[in-house]
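Q: I'm new to this one and would like to learn how to read it. Could you walk me through it, feature by feature?

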Amino acid sequence: MIAALRSRLLAHYRRTARDLPFRRTRDPYAIWICEVMAQQTRLQTVLPYWERWMARFPTVRALADAPLGDVLAAWTGLGYYARARSLHAAARIVVDRYVGQLPDDLLLLRALPGIGDYTAGAIASIAFGRRVPAVDGNVARVLCRVFAIDEPSDAPATRRQLWQLAGTLVAPRAAGDFNQALMELGALTCTPRSPSCSRCPLAPLCTAHATGRTAELPRRTPRRPPRALTIDLALITDPRGRWLVGKRAPQGRYGGLWELPELAALQSTAAHLVVDNTPPLAETTHSLTHLALRYRVLSAHLPRLPRAAPPYELLRRIAPRALTQLGVSAATLRLIAMLQTPSWTTAPIAHRSSSAKASRKSSRG
DNA sequence: GACTCGTGGGG
DNA sequence: TCCCCAAGAGT
């Protein structure tokens, strides 16, 4: 069974594997960057970011030497910004402790910030040929179906079981290919809904397929509905057309990124803040996994630059065009575009939601 | 163990 | 339109 699974999977992979740019390198750093970018993010989304990143920060040392602000700017739009902060911190550790060479040991990799069980296994197997498993969402789904695992795939006990199982399956002399093959099978063939069993190399071995249960496996635990949160932002323009912007403290949501300051933060520190009694200049909704944000941009006035106040560690005045070159969130990019686009700002209120496909990809650089 | 942390593609 | 869920990690 194990031998058949390995040989079928590897043969299928070697015949059909996508020609992805990061599969053309064995540079552990390049693979590391790719794996971190791919956390909870589709490969298709990652590709252009990875290409730009490798040109901008070609080596561990280049990354370690760069200011965090440059690193966050390169991450703008990718989400989960703690990944960029961890990557930067880890690069400095690798330079200080390992003379710029990523360690080839699973536990040493696992100890670096931003590298958890999956990423450690992926780097160790793909970049260093170690015989270790790497269980991501794809692998969990494939294994739950092939072995008809009935418990929710994200339950801790199930996850332990899946890692143990994957460990016994990994091909001894082709661990990197084996792990990638399992992931690619989950991404392209054994998909969450309507899997393509007719062209799956594991279908003859798959219990879910044999028993007609591919639709109900893996079992999923229901997700709680997102909490609604309205955040009012201040647009404060000086005579030179610069905007007051804040740099968020490094921890938490959007940590280290720049944005229009939250009204509440300014009110806690600025005595002479005046908020115009007019409709919002722009308004947008922005959905996170567990949060439904609603941003409103209100026109306001402030005679002097206020002290920084949480969640901001810095407040500055800056030209809107320059703001888009700093580390900002996708939501901030969209708000900037709305505030600068005549057809939006001449209307009483500019409305856009994160699901409005027309609002995608503003100008950046 | 339960939460938090982004964004976008696809059904 | 809405919902699901991505080559997860940290607290």
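A: Sure. Keep in mind that this is a predicted model. Let's begin with DNA strand B: the surface near it divides into 7 nonpolar, 9 polar and 5 charged residues.

Q: Which residues are the closest to DNA strand B?

A: A residue goes on the list if one of its heavy atoms lies within 4 Å of the strand. Here 21 residues surround DNA strand B, and the closest are Tyr81, Tyr254, His286, Ser287 and Ala330. Of the strand B atoms within 4 Å of the protein, 54% are part of sugar or phosphate, while the rest are part of bases.

Q: How do I read the polar contacts of DNA strand B?

A: Look for pairs of N or O atoms within 3.5 Å. A backbone N or O atom of Ala330 sits 2.6 Å from a phosphate oxygen of DNA strand B. With Arg224, it's an N or O atom in the side chain, 3.3 Å from a phosphate oxygen of strand B. Gln40 uses a polar backbone atom, 3.1 Å from a base nitrogen of DNA strand B.

Q: What does Gln40 contact in DNA strand C?

A: A phosphate oxygen: it is 2.9 Å from a polar backbone atom of Gln40. Two side chains reach DNA strand C as well. Asn138 has a polar side-chain atom 2.7 Å from a sugar or linking oxygen of that strand, and Arg220 has one 3.1 Å from a phosphate oxygen. Two elements, α8 (117-126) and α9 (137-146), are the ones that give two or more residues to the surface near DNA strand C.

Q: How many residues surround DNA strand C, and of what kinds?

A: There are 27, with Leu43, Gly114, Thr119, Asp136 and Asn138 the closest. By kind, the surface near DNA strand C has 9 nonpolar, 8 polar and 10 charged residues. Sugar or phosphate accounts for 63% of the strand C atoms within 4 Å of the protein.

Q: Now the sheet: in what order do the strands run?

A: Read across the strands, from one to its neighbour. This open sheet has 3 strands in the order β3-β2-β7, paired antiparallel. β3 (258-259) and β7 (312-318) are at the edges with a single partner strand each, so one side of each has no neighbour in the sheet. Between β2 (residues 243-248) and β3 there are 2 bridges; Lys247 has Trp258 in β3 as its bridge partner.

Q: Last one: is Ala337 buried or exposed?

A: Buried means under 20% relative accessible area. Ala337 has 17%, so it counts as buried. You'll find Ala337 in helix α15 (residues 330-340).

Definitions and conventions: Residues are numbered from 1 along each chain as its sequence is written. Chains are lettered from A and ligands numbered from 1 in the order in which they are written. This is a predicted model: local features need pLDDT of at least 70, side-chain atom pairs count only at pLDDT 80 or more; totals for chains, interfaces and linings use all residues. Side-chain values use heavy atoms; hydrogens and water are left out. A polar contact is a pair of N or O atoms within 3.5 Å; within protein, one must be able to donate a hydrogen and the other to accept it, and residues adjacent in sequence count only if both atoms are side-chain atoms. Helices (H or I, at least four residues) and strands (E, at least two) are DSSP runs, numbered from the N terminus. Ala, Val, Leu, Ile, Met, Phe, Trp, Tyr, Cys and Pro count as nonpolar, Asp, Glu, Lys and Arg as charged, and the others, Gly among them, as polar. Two strands pair if DSSP finds at least two bridges between them. Buried means under 20% relative accessible area, exposed over 50%, partly exposed in between (1.4 Å probe, protein chains only).
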